[in-house]
Structure formats: structure tokens, C-alpha cells
Amino acid sequence: MTDTHTPTDAQSPEERRKLARRTVLAAGSVAVTAVGVGSAFAATDGTNATATGARTEASPSASEGACYTLTSELVEGPYYIDADKLRQDVTEDQAGIPLHLTLKVIDAETCKPLRNAAVDIWHCNASGVYSGYEESGSGGGGGGTPPTGTPTDAPTGTPSGPPPGGGGGHQEPTDDTRYLRGTWHTDRHGHVTFKTVFPGWYQGRCVHIHVKVHVDGEWTDAGYEGGHTCHTGQLFFDEKSVLLSAEVEPYASNTTTRTTLDGDSIYPDNGHEGGLLYLKYDRHHIARGVRAHLTLGVEPDETSNG
């Protein structure tokens, strides 16, 4: 539940800070939440709808730059590889629906954008496999039933890859592949953009992207060094978009039993505050591409390694 009182100009900075901290996650979530308010951008590259009502887009629940709350801190998962690929296009040779991801990083207390922060993203491919861990394969081992309009909330079978729930301690990479991973810096407005593909799924988890935000470090030729991690979270996709993606190859060939958003053990079930992305795509032709955006409210002075 969330305290519905709103900070006012008459309150002291300390009173406003304490009020902001009252927002908590239900069901034992690990951190307070934030309003996910993405910056608006125009859809291009064929993602606009060709007929009235054909475009699907979530409506922001608050104005640009809303703050005084934090985006949910979530588990890192076992397959993080420290920022060694400084790039915006992380696609490499991976097949899938083009995904244009824009994130805005702000200080949750001041509303100010964080400039020059390092943002990591990483996620599995359409088959549910993470680069650097190809020997692990995908959850479900390639068996099971193709996704349908009524996916199960309780995966079956014996997972051979990422553990259900995405938890567990860090595992060392098993190979040198690094597709669908990358690190880039925010601009003076706090924005960072990545080009990737719509993620697939593996046993025990809904479709998601991992994200980290680092501050106070230094950009070098070798990568981003020093500083600390002020946010570790995950980004999620609504069920409608996932069902549409499942009709398109190579996702249609992913026969691993899929977990729904509501059935996921990591998603905090608090909408955009918990990492649910705003999406824009043509629902009749999702294969043309998807645009996603969200604002991440973080505490720059805190450390959150997930």
C-alpha cells in the first residue's frame, strides 16, 4: 500500500524526504517503489499504426519528471557480466522483433536527471538463452508446449538453465558470447537509449530485461570503472505484447513453458512503479518493431547491488 499524501512546498526538505520514504512494496518486496514515467518520443521505423485504433500504447500515470518515490529494487540474477561492452546497439546477430528502449534516470528526491550515469542492460534471446552462458541452454530444455493465449503460471519439467525466479548467486560465464548486453551513459537530460530485440522467455520467469545504474565512476577506454551501483532492477512487458510476439518467429519456436507476468515470482505487481514498460507498437504487425520507455527513480548516494 502507498501513503497517498503529497509533499507540499510548505514542508521542510527533511519532512518531504521522510514522506517519500513511506512508499513501500506489498508482498514482502525488497524496496520502495517509484512512478515509472517515461519521456515521450515519436515512433518511427514502421512502428506507427496504419489504421485507427491499431496502435497500442500505455498512457503515463504521471507527468514527466515525477519523483519523491523510488523504482523497485529487484534481484540481479545469476547471469550479470560487468560492463565490458560499451555500446547502444546490443543486437549483434540475434534474430527477433526490433526493440528500441529509452530509459530516463532521475534522482528520486530532487527530480533532477542523472547525467553521465552508466546504465547496463542484459537479457535472454528469443530462445531464452543468455550470452556468456550458452552451455546452460534455456529453461525447460526445449521441451514442452508452444505458448498459447493461456500460458501456465506454474512451469513444469526440469529446468536446465536459468533457475526459476531468476534468483541464485552469481555464476561465472561459460563462454565468450556477449550478445544482448551493453552499457551506455545517460545524456544531460538523463536519457539513455538501446537498440536490441524483444526478449524471449525461459522456464520460471516472465519476459524481462535486467538493468543496473552506476554513478560516480569514470569512463575509460577499458570501460566504466569505479563508482557504485545505485539501482538494480528489472523491466517487464505486458501480457498482450508477449502473446503477440509468441506468434512471430523465432519466438514461435520457443517451446519452453512460459510464465505470465502475474505468475512471475520477481515482478512486484505494482505496474510501472515496479518496472513495467510503456510500449508502443502496431498490434497487427508487432514484428515491425516495438518502442519502450520508462523513468527510473534512483537514490544516487545509496548502494543497491541486487
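User: How many aromatic pairs does the structure hold?

Analyst: This is a predicted model, and the structure holds eight aromatic pairs.

User: Why is the pair of Tyr79 and Tyr133 called tilted?

Analyst: The ring centres of Tyr79 and Tyr133 are 4.3 Å apart, and centres within 6.5 Å make a pair. The planes stand at 40°. Under 30 degrees would count as stacked and over 60 as edge-to-face, so the rest is tilted. The pair of Tyr79 and Tyr133 is therefore tilted.

User: What makes this a pair that ties together separate parts of the sequence?

Analyst: Tyr79 lies in the loop between β1 (55-57) and β2 (98-107), while Tyr133 lies in the loop between β3 (118-122) and β4 (181-185). The parts tied together are 54 residues apart in sequence.

User: Are Tyr79 and Tyr133 buried or exposed, and how do you know?

Analyst: Buried means under 20% relative accessible area. Tyr79 has 4%, so Tyr79 is buried. Tyr133 has 1%, so Tyr133 is buried as well.

User: Which residues form one aromatic cluster with Tyr79 and Tyr133?

Analyst: Tyr130 and Tyr202 join Tyr79 and Tyr133 in one aromatic cluster.

User: Why do Tyr80 and Trp122 count as a tilted pair?

Analyst: Their rings are 4.6 Å apart, centre to centre, with 45° between the planes. The distance is within 6.5 Å, and the angle is neither under 30 degrees nor over 60, so the pair is tilted. Tyr80 lies in the loop between β1 and β2 and Trp122 in strand β3, so the pair ties together parts that are 42 residues apart in sequence.

User: What makes Tyr80 and Trp122 count as buried?

Analyst: The relative accessible area of Tyr80 is 10%, and that of Trp122 is 2%. Buried means under 20%, so both residues are buried.

User: Which charged residue sits over the ring of Tyr80?

Analyst: Lys212 does, with its charged end 5.1 Å from the ring centre. The distance cut-off is within 6 Å, and the charge sits over the ring. In addition, Arg258 lies over the face of Trp201, at 6.0 Å from the ring centre.

User: How many disulfides are there, and what rule gives that count?

Analyst: The count is zero. A disulfide needs a pair of cysteine sulfur atoms within 2.5 Å.

User: Are Cys206 and Cys230 buried or exposed?

Analyst: Cys206 is at 4% relative accessibility and Cys230 at 2%. With the limit for buried at under 20%, both cysteines are therefore buried.

User: Which residues touch the most other members of the largest nonpolar core?

Analyst: Leu103, Leu235 and Phe237 do, in a core of 42 residues. The elements that give two or more residues to this core include β2, β3, β5 (191-197) and β6 (208-220). β9 gives the most, with five residues.

User: What is Leu103 in contact with, beyond its neighbours within four places in sequence?

Analyst: Leu103 is in contact with Val119, Gly190, His191, Val192, Val211, Leu235, Leu294 and Leu296. A second, separate core of eight residues includes Tyr80, Ile81, Trp122 and Tyr130.

User: Why is Leu279 called buried, and where is its place?

Analyst: Leu279 is in strand β8. Its relative accessible area is 2%, under the 20% limit, so Leu279 is buried. Leu279 and His293 are 14 residues apart in sequence and 6.8 Å apart in space, C-alpha to C-alpha.

User: Which peptide bond is cis, with omega near 5°?

Analyst: The bond from Glu249 to Pro250 is cis. Pro250 is found in the loop between α2 and β8.

User: Why is Cys111 called partly exposed and Asp269 exposed?

Analyst: Exposed means over 50% relative accessible area, and partly exposed covers the range between that and 20%. Cys111 is at 27%, so Cys111 is partly exposed. Asp269 is at 57%, so Asp269 is exposed.

User: What are the phi values of Cys111 and Asp269?

Analyst: Phi is near 75° for Cys111, a positive value in a residue other than glycine. For Asp269, also a residue other than glycine, phi is near 60°, a positive value. Cys111 is in the loop between β2 and β3, and Asp269 is in the loop between α2 and β8.

Definitions and conventions. Residues numbered from 1 in each chain as written. Predicted model: local features only at pLDDT ≥ 70, side-chain atom pairs only at ≥ 80, totals over all residues. Heavy atoms only, no water. Phe/Tyr/Trp six-rings, centres within 6.5 Å; stacked < 30°, edge-to-face > 60°. Helix = DSSP H or I, 4+ residues; strand = E, 2+ residues; numbered from the N terminus. Buried < 20%, exposed > 50% of the residue type's maximum accessible area, 1.4 Å probe, protein only. Lys NZ or Arg CZ within 6 Å of the ring centre and 35° of its normal. Core = buried A, V, L, I, M, F, W, Y, C linked by side-chain atoms within 4.5 Å. Contact = heavy atoms within 4.5 Å.
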